[in-house]
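The following exercises are to be worked with the structure in view. Each task is followed by a solution in steps.

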Amino acid sequence: MGILKARKNKKYSYSPRYYEGSSTPFKLESKFDKYRKATLETKGLKGKFTTAWDDFRYNNDKRANRTTILILAVLVMLFLFIIDFDLSIFTQF
């Protein structure tokens with residue numbers, strides 16, 4: 001062991017006793033990562049947003065898109081209610 005050499009960490013070949021899976025149980029991965037393109041690469045904030053927007057636009061699951069739009073509409077109406085927005089400007093009376 002020299003003076004200028006960095007010390008290496010010890011490695012152990014530990015495997016859990018009752019785990020019967022093929023891969024390691026210590027890998028942190030979301031169960032939705034393999035279905036989403038937005039989590040595959042880190043391209044900055046704009047790149048993540050455009051990837052997520054493309055994923056939303058070209059998604060074949062129409063029910064999920066409808067649910068997302070419904071939630072977004074409810075949140076917008078709630079925001080307009082909180083700031084006391086007057087919706088009468090859209091009527092012609």
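A nonpolar patch is made of residues with over 30% relative accessible area and no salt bridge, whose nonpolar side chains are joined within 5 Å. The model to which this term is applied here is predicted.

**Exercise 1.** Determine which residues make the nonpolar surface patch, and state its area.

*Solution.* The patch covers about 1,300 Å². Its members are Ile-71, Leu-75, Met-77, Leu-78, Phe-79, Phe-81, Ile-82, Ile-83, Phe-85, Leu-87, Ile-89 and Phe-90. One of these members, Leu-75, lies in helix H2, which comprises residues 62-82.

**Exercise 2.** Compare the expected span of H2 with the distance between its end C-alpha atoms.

*Solution.* Step one: H2 has 21 residues, and the rise is 1.5 Å a residue. Step two: the expected span is 1.5 Å times one less than the number of residues, so H2 should span 30 Å. Step three: the end C-alpha atoms of H2 are 30 Å apart, in agreement with the expectation.

**Exercise 3.** Establish whether H2 lies largely in the open or is largely buried.

*Solution.* A residue is buried when its relative accessible area is under 20%. Of the 21 residues of H2, one is buried, so H2 lies largely in the open. For the chain of 93 residues, 4% count as buried.

**Exercise 4.** Describe the backbone and the exposure of Asp-84.

*Solution.* Asp-84 is located in the segment after H2. Its phi is near 60°, a positive value in a residue other than glycine. The relative accessibility of Asp-84 is 69%; because exposed means over 50%, Asp-84 counts as exposed.

How values were computed
Residues numbered from 1 in each chain as written. Predicted model: local features only at pLDDT ≥ 70, side-chain atom pairs only at ≥ 80, totals over all residues. Heavy atoms only, no water. Buried < 20%, exposed > 50% of the residue type's maximum accessible area, 1.4 Å probe, protein only. Patch = residues over 30% accessible without salt bridge, like charges linked within 9 Å, V, L, I, M, F, W, Y side chains within 5 Å. Areas by Shrake-Rupley, 256 points an atom, 1.4 Å probe, with all protein chains shown as cover. Salt bridge = Lys/Arg side-chain N within 4 Å of Asp/Glu carboxyl O. Helix = DSSP H or I, 4+ residues; strand = E, 2+ residues; numbered from the N terminus.
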